[in-house]
Amino acid sequence: MLIIASNNPHKLIEIKAILGGCFDEIVSMQEAGIVHETIEDGETFLQNALKKAREIAEISGCPALADDSGICVDALGGAPGVLSARFCGVHGDDEANNRLLLEKLSHTENRGAHFACAIALAYPDGSAVTAEGRLYGEIAREEKGANGFGYDPLFYLPEYNMTSAEISPEEKNRISHRGKALRALLQKLNP
């Protein structure tokens, strides 16, 4: 059994879609009966992912997979970065985070950005396998699309002429930062 060190339903769907054939059972922390909040105090996505995965592997005695991901905006020096989920000061308020991002970029033409994801698969013995992925694009001037979550309605993909919230979930899994990180992890697990 693999425990996903998250209760975010959007992340669980993406992870299960990509890793589903590799593990007998993939469950969320809630499904595993684990109530735990990791303090994400790392300076990098990888540090946070490793910390979450190792804590859940230790608590459960099972392999645990965690990701930490966010958006890095060129004009903001890489911010919000590891603070993406709580950019506005409240954890998980996607609407407020998106409003604040648009506000901070209102007077700049530099809209370059990338989504970054670090994945860590930790085992109860403390060992871990990690991988990272990125998706490059731009910040749109207004939200568009109903797919995805977080910053997806603002993340414009020039090659698709749409935001990541406008592309299909299957296409998003194929090109996303999390999808890239998960596939890189799979390559390390099955060389």
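How many aromatic pairs does a search of the whole structure find? The search returns 1 aromatic pair, where pairing requires ring centres of Phe, Tyr or Trp (its six-membered ring) within 6.5 Å, and planes under 30 degrees apart count as stacked, over 60 as edge-to-face and the rest as tilted. The pair is formed by Phe115 and Phe155 and is tilted, with 4.4 Å centre to centre and 45 degrees between the planes. Phe115 belongs to strand β4 and Phe155 to strand β6 (residues 155-157), so the pair ties together parts that are 40 residues apart in sequence. Phe115, at 5% relative accessibility, counts as buried, and Phe155 counts as buried at 0%; buried denotes under 20% relative accessible area, exposed over 50% and partly exposed in between (1.4 Å probe, protein chains only).

The model is predicted, with local features requiring pLDDT of at least 70 and side-chain atom pairs pLDDT 80 or more, whereas totals for chains, interfaces and linings use all residues. Residues are numbered from 1 along each chain as its sequence is written, and side-chain values use heavy atoms, with hydrogens and water left out.

The protein chain contains 5 helices and 7 strands, assigned as DSSP runs (helices H or I, at least four residues; strands E, at least two) and numbered from the N terminus. Their order from the N terminus is β-α-β-α-β-α-β-β-β-β-α-α. For 191 residues, a compact globule would have a radius of gyration near 16 Å, and the 16 Å of the protein chain agrees; the radius is taken over C-alpha atoms, and the globule rule is 2.2 Å times the number of residues to the power 0.38. Of these 191 residues, 46% count as buried.

Helix α2 (residues 45-60) has 16 residues and end C-alpha atoms 23 Å apart, in agreement with the 22 Å expected at 1.5 Å a residue, the expected span being 1.5 Å times one less than the number of residues. Its buried residues include Phe45, Leu50 and Ile56, and the buried residues of α2 pack against β1 (2-4), β3 (64-73), β4 (112-122) and β5 (128-139), contact meaning heavy atoms within 4.5 Å. Just after α2, Gly61 adopts a positive phi of about 75 degrees.

In the largest nonpolar core (buried Ala, Val, Leu, Ile, Met, Phe, Trp, Tyr and Cys residues joined through side-chain atoms within 4.5 Å), Ile3, Met29, Phe45 and Ile56 touch the most other members among 20 residues. Elements giving two or more residues to this core are α2, β3 and β4, and the largest share, 6 residues, comes from α2.
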